[in-house]
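Trainee: I am new to this one. Can we go through it step by step?

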Amino acid sequence: MEITRSRDFTAERAWGAKDIASMNGITTRLHWTDRPYRWHVNDGEEVFVVLDGQVEMRYRSGGVEHSRLLEVGDIFFASVGTEHVACPLGEARVLVVEKEGSV
């Protein structure tokens, strides 16, 4: 048993993570960041939950770029093939649930 107070978590680099759990090939990781990730497409589905801060989630659908502001408690689901990039506005902490070894 372990309790993690997400708002106190920091990392030495942007997108540094703490592994929370690995269950049947699915990982749950707590990330801290203050910089954008990079455009990418996961090889599986991804659930992205903002725990602290704000994140502008940019994604492409049908060749068109879209953007949504995610705030604390908001959840972004990226289906297989969804090209996206997370851009925090200042510091942010996010919980990411995805296939083990995914980008």
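**A charged network and its surroundings**

Mentor: Start with charge: Asp52, Glu91 and Arg93 are linked in a network of salt bridges. Keep in mind that the model is predicted.

Trainee: How far apart are N and O in the salt bridge of glutamate 91 and arginine 93?

Mentor: Both residues belong to the network with Asp52. Their side chains meet in a salt bridge. The N to O distance is 3.5 Å.

Trainee: Is arginine 93 buried or exposed?

Mentor: Buried means under 20% relative accessible area. Glutamate 91, at 43%, is partly exposed. Arginine 93 has a relative accessible area of 5%, so the residue is buried.

Trainee: Which residue is the bridge partner of aspartate 52 in β9?

Mentor: Look at β4 and β9. They run antiparallel and are joined by 6 bridges. The partner of aspartate 52 in β9 is a member of the salt-bridge network too. That partner is arginine 93.

Trainee: Where is glycine 53, and which residues does glycine 53 touch?

Mentor: Glycine 53 sits in the loop between β4 and β5. Its relative accessible area is 23%, which makes the residue partly exposed. The C-alpha atoms of glycine 53 and valine 72 are separated by 6.3 Å, although the two are 19 residues apart along the chain. Leaving out residues up to four places away in sequence, glycine 53 touches Leu70, Glu71, Val72, Glu91 and Ala92.

Trainee: Now the nonpolar side. How many residues make up the largest nonpolar core?

Mentor: Its members include Trp15, Phe48, Val55, Met57 and Phe76. β4 (46-52), β5 (55-61), β7 (75-78) and β9 (92-99) each supply at least two residues of this core. In all, the core holds 12 residues.

Trainee: Which strand gives the most to this core?

Mentor: Four strands each supply at least two residues. One of them gives 3 residues, the most. That strand is β9.

Trainee: Which residues is valine 55 in contact with, beyond its neighbours within four places in sequence?

Mentor: Valine 55 is itself a member of the core. Some of its contacts are core members too, among them Phe48, Val50 and Leu70. The full list is Phe48, Val50, Arg68, Leu69, Leu70, Ala86, Cys87, Pro88, Ala92 and Val94.

Trainee: What is the bridge partner of phenylalanine 48 in β7?

Mentor: β4 and β7 pair in the antiparallel sense, over 4 bridges. Phenylalanine 48 and its partner both belong to the largest nonpolar core. The partner is phenylalanine 76.

Trainee: Which are the edge strands of the open sheet?

Mentor: This sheet has 4 strands in the order β3-β8-β5-β6, with antiparallel pairing. Each edge strand pairs on one side only. The edges are β3 (40-41) and β6 (64-70).

Trainee: Which residue in β6 is the bridge partner of tyrosine 59?

Mentor: β5 and β6 run antiparallel and are joined by 7 bridges. One bridge involves tyrosine 59. Its partner in β6 is histidine 66.

Trainee: And β1 with β2? Which residue takes a positive phi in their hairpin?

Mentor: Strand β1 (residues 16-23) pairs with strand β2 (residues 26-33) over 7 bridges, in the antiparallel sense. Methionine 23 stands opposite isoleucine 26 in β2. The hairpin has 2 residues between the strands. The one with a positive phi, near 50°, is asparagine 24.

Trainee: Back to charge. How far apart are the closest N and O atoms of glutamate 2 and lysine 18?

Mentor: This salt bridge links distant parts of the chain: glutamate 2 lies in the segment before β1, and lysine 18 in strand β1, 16 residues apart. Glutamate 2 is exposed at 55%. Lysine 18 is partly exposed at 23%. The closest N and O atoms are 2.6 Å apart.

Trainee: How many salt bridges are found in the whole structure?

Mentor: Another pair is glutamate 65 and arginine 60, with closest N and O atoms 3.9 Å apart. A salt bridge needs such atoms within 4 Å, so this pair counts. The search of the whole structure finds 9.

Trainee: Where is confidence highest?

Mentor: The protein averages a pLDDT of 95, and 99% of the residues score at least 70. Confidence is lowest in β3, at a mean of 94. The highest, at 98, is in β4.

Key
Residues are numbered from 1 along each chain as its sequence is written. This is a predicted model: local features need pLDDT of at least 70, side-chain atom pairs count only at pLDDT 80 or more; totals for chains, interfaces and linings use all residues. Side-chain values use heavy atoms; hydrogens and water are left out. A nonpolar core is a set of buried Ala, Val, Leu, Ile, Met, Phe, Trp, Tyr and Cys residues joined through side-chain atoms within 4.5 Å. Buried means under 20% relative accessible area, exposed over 50%, partly exposed in between (1.4 Å probe, protein chains only). Contact means heavy atoms within 4.5 Å. Two strands pair if DSSP finds at least two bridges between them. pLDDT is the predictor's confidence in each residue, from 0 to 100.
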